[in-house]
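User: Can you walk me through this one? I'd like to go over the chain contacts and then the helix packing.

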Amino acid sequence: MKKNVKSTISFFRLLIEHSQKEYEPSPEHILKRMLLPLCRGFSEIVATGTKNDAWEAVDGFAQECRKLQSEEMRCSHG
Amino acid sequence: MSSAIAVALTELLDRLTIEEKREFARLIDWGEFQRLRLEAAEPARRVGDPKVYVGTTPDGLSLELPVEKVPAFLSYLPGILAANTVAIFVQDGDGSQEWQCPAEELASWLEAHPTAWRDGSLMIEFGPHTLISGGGGCLSLALTGNSIRRTIAEQTLAICGFRHTFVGEHFSAIVWEDRLEVHE
């Protein structure tokens, strides 16, 4: 996996992590530390990446979503 | 928003007569009502950005550090993660760049590239372990195993001037206004 794809997926994971903290991060923090890095990652994949890069990014996002869903189910059951 | 609704609902119910409460109970979903009551009893989540945060995640650790502490934290990682070399990936508005260097040269690389960890998108691979930073001291460390999470978390707090020994597998430590709060 290319580093820009791995980095983009990691920033999506960072966004998920922030939604699970005991406090609510400021909107500015979400924008500067997660959304702008995500935008940079997407832009580079679109500009210089392959279709496979795009697929790997989406697949990586889906894997993070599955982890989140299974954790939510675990929390709701106990 | 839902917490505000729950609090308002609880206050409203306290003002009802017994007959009115019985009538109310016929109209609502009892399970949903109990959930709202519990939600109203929970303390509201604090809003803002703490001075320090170290917490476990399913993949490793999530961290918020004072930005000036970031080089010391990053320079500590190769030793504890037993990484001989590090792979660095930096992305900004103009594209991305990659470096690979011996672990002992990481500190000098950080000194030479302050914008990368102060305000850029940074990813550092320490062997199989991966750290990302969106700048400003906001970091996430994905580890292949959880056995060293406590050690890294304790050392991170020490770098920031705080001491705590974690006992559990899942924990978080937050510093608001120089006061350390720990949840385990």
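Analyst: Sure. In this predicted model, A:E24 stands opposite B:V47, a residue of β1(B).

User: How many bridges join the two strands there, and which way do the strands run, parallel or antiparallel?

Analyst: Strand β1 of chain A (residues 23-24) and β1(B) are joined by 2 bridges, and they run parallel.

User: And the whole interface, how many residues are in contact?

Analyst: 25 residues of chain A are in contact with 30 residues of chain B.

User: Which elements of chain B give two or more residues to that side?

Analyst: β1 (46-47), β4 (85-92), β5 (95-102), β6 (121-126), β7 (129-135), β8 (138-142) and β9 (172-176) of chain B. The largest share is from β7(B), with 4 residues.

User: What about that side by class?

Analyst: The side of chain B that touches chain A has 16 polar, 8 nonpolar and 6 charged residues.

User: OK, helices now. At what angle do α1 and α3 of chain A cross?

Analyst: Roughly 25 degrees, with the axes of α1 (residues 3-19) and α3 (residues 51-76) of chain A coming within 9 Å. Angles under 35 degrees count as roughly parallel, so α1(A) and α3(A) are roughly parallel to each other.

User: Left-handed or right-handed?

Analyst: The crossing of α1(A) and α3(A) is right-handed.

User: Which residues meet?

Analyst: From α1(A), A:V5, A:T8, A:I9, A:F12, A:R13 and A:I16; from α3(A), A:D53, A:E56, A:A57, A:G60, A:F61, A:E64 and A:L68. The residues of this contact divide into 7 nonpolar, 4 charged and 2 polar.

Terms used: Residues numbered from 1 in each chain as written. Chains lettered and ligands numbered in written order. Predicted model: local features only at pLDDT ≥ 70, side-chain atom pairs only at ≥ 80, totals over all residues. Axes fitted to C-alpha atoms, helices over the stretch in contact; angles between N-to-C directions. Parallel < 35°, antiparallel > 145°, perpendicular 65-115°, else oblique. Left-handed = near helix turned anticlockwise from the far one by under 90°. Contact = placed C-beta atoms within 7 Å. Nonpolar A, V, L, I, M, F, W, Y, C, P; charged D, E, K, R; others polar. Pairing = 2+ DSSP bridges.
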